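Got a protein on your screen and not sure where to start? Let's walk through it together, one question at a time.

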Amino acid sequence: MRSAALRRITTVAMAATLGLGLAACGGAGGAQDTVTWRLAETHPGDYPTTKADEWFAEELEKRSDGRITVDVYPDAQLGEERDVLEQMQLGSVELNRTNANLVGEFVDSWKAFGVPYAFESEEHFWNFLEGDGGQAKLDELSEMGAVGLAYYDSGARSIYSNGQPVEEPEDLAGRNIRVQPGSITAEVVRELGASATTMDFGEVYSSIETGVIDGAENNLPSYVSTRHYEVADNITLNEHQRVPEVLMISQTAMDQLSEEDQQLVRDVARESTEKQRELWAEEVEQSRATLEEAGVTITELDDTSAFEEAVADLKGRYSEQYAEFMDAVEAAKQ
Ligand code: BDP
């Protein structure tokens, strides 16, 4: 396995090379006739977010009569998500599908998405994302020079590890759980009673395998597609966070287009959400079946109150810090 430092250097070098291609479609200021953009995706080609990225790319090319071409790079080919967020700011990647937790390092107010047990249900979550609250969050991406285009489903995140199944927070004592960079999840996991290690997504499998960590936390489709269940064979559906995926584009790239084409990009992105959500629902079912077949222990909880109580103080503190977000979350309950 390559080291993180080496991977970062390789990624930056690759981005620089790719960046040379940008000049080719240039015009002298204003809207360009045609553009070719890169879209970074960490998941493999058959994952719901990747399929939605592809749908977005194909539909956009068709509806713009070939003026806008988007090449999707799955499997973290352009780098780990954190690196891609940096590359977007440097202008070497135009589009990015990432998880909201990662954005917190670049736009602090996005850390709010990590507040545990903020949403009561999937319905509440989508009511928020599709309403004013969700739009306000997308608008905040301008702080990092990006335009938020659409949200994708990512279900709820739960903890998995090797060793005895976890039924209550006390069972997490002594376990080292990987969390995403940029988020407040490390604190959440610690309040739940485990220790936390921040690490890029692509390093989790080998780190569990070699005993550097004991597990991680994610939704069922990611747990399955990464095959983490092979090395961490029990998952407890404690559902501590619902963190959306987001499709974003750099402002610089958006500015290359005419007003009409900018609107087209927004419209097609919005429509791709519907596609992704359908695919997501199917994938969750499929993932469950895969896990059952593999003999993974799925611990369902009658209720998550013991886990909620363990993070209540932390939730209180962050709810004050991100009061505007929590007010909008509250308003999305009806
Ligand atoms: C998955 C997200 C992916 C994340 C990954 C992670 O889809 O974008 O970054 O979790 O844990 O659910 O790093």
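What follows is a set of questions and answers on this predicted model.

Q: Which side chain of opposite charge is nearest to D53?
A: D53 sits in helix α2, which covers residues 48-63. It's buried, yet D53 has no salt bridge. A salt bridge needs the nitrogen and the oxygen within 4 Å, and the nearest side chain of opposite charge is 5.1 Å away from D53. That side chain belongs to R97.

Q: Which residues does D53 touch, leaving aside its neighbours within four places in sequence?
A: Start from helix α2, where D53 has its place. Then skip the neighbours within four places in sequence and look at what else is in contact with D53. You'll find L39, E41, V72, R97, Y152 and L247.

Q: Which of the 15 residues around the ligand come nearest?
A: Let's turn to the ligand, which has 15 residues around it. One of those that come nearest is H43, and a polar side-chain atom of H43 lies 2.7 Å from a ligand oxygen. The full set that comes nearest is H43, E81, R178, N218 and E245.

Q: How much of the ligand does the protein bury?
A: Some polar side-chain atoms sit by oxygen atoms of the ligand: one from N219 at 3.2 Å, and one from S222 at 3.3 Å. Taken alone, the ligand exposes 320 Å². Of that area, the protein buries 99%.

Q: Is A31 buried, partly exposed or exposed?
A: A31 lies in the loop between α1 (4-19) and β1 (35-40). Its relative accessible area is 44%. Buried means under 20% and exposed means over 50%, so A31 comes out as partly exposed.

Q: How far apart in space are A31 and E320?
A: Along the chain, A31 and E320 are 289 residues apart. A31 does have contacts beyond its neighbours within four places in sequence, and these are Q256, L257 and S258. For A31 and E320, the distance in space, C-alpha to C-alpha, is 43 Å.

Q: Is T69 buried or exposed?
A: You'll find T69 in strand β2, residues 68-73. Leaving aside its neighbours within four places in sequence, T69 is in contact with V35, T36, W37 and E61. Its relative accessible area is 18%, and the cut-off is under 20%, so T69 counts as buried.

Q: What separates the C-alpha atoms of E122 and A156?
A: E122 has its place in helix α5, residues 122-129, and is partly exposed at 42% relative accessible area. Leaving aside its neighbours within four places in sequence, E122 is in contact with D153, R242 and R277. E122 and A156 are 34 residues apart along the chain, and their C-alpha atoms are separated by 8.5 Å.

Q: How many salt bridges does a search of the whole structure find?
A: Side chains of opposite charge can pair when their charged atoms come close. One such pair here is D108 and K111, at 3.3 Å from N to O. D108 is partly exposed at 40%, and K111 is partly exposed at 21%. Over the whole structure, the search finds 17.

Q: How many residues apart in sequence are the parts that R277 and E130 tie together?
A: The side chains of R277 and E130 meet in a salt bridge, 3.6 Å from N to O. R277 lies in helix α11 (residues 259-293) and E130 in the loop between α5 and α6 (132-140), so the pair ties together parts that are 147 residues apart.

Q: Are E217 and R157 buried or exposed?
A: E217 and R157 form a salt bridge, with the closest N and O atoms 2.9 Å apart. E217 lies in strand β8 and R157 in strand β5, so this pair ties together parts that are 60 residues apart in sequence. E217 has a relative accessible area of 0% and R157 has 3%. With the cut-off at under 20%, both E217 and R157 count as buried.

Q: Which residues do salt bridges that share partners join into one network?
A: Salt bridges can share partners, and here some of them do. Follow those shared partners and you get one network. Its members are E59, K62, R63 and E271.

Notes: Residues numbered from 1 in each chain as written. Predicted model: local features only at pLDDT ≥ 70, side-chain atom pairs only at ≥ 80, totals over all residues. Heavy atoms only, no water. Helix = DSSP H or I, 4+ residues; strand = E, 2+ residues; numbered from the N terminus. Buried < 20%, exposed > 50% of the residue type's maximum accessible area, 1.4 Å probe, protein only. Lys, Arg positive; Asp, Glu negative; His and termini not counted. Contact = heavy atoms within 4.5 Å. Near = heavy atom within 4 Å. Polar contact = N/O pair within 3.5 Å; in protein donor to acceptor, adjacent residues only side chain to side chain. Areas by Shrake-Rupley, 256 points an atom, 1.4 Å probe, with all protein chains shown as cover.
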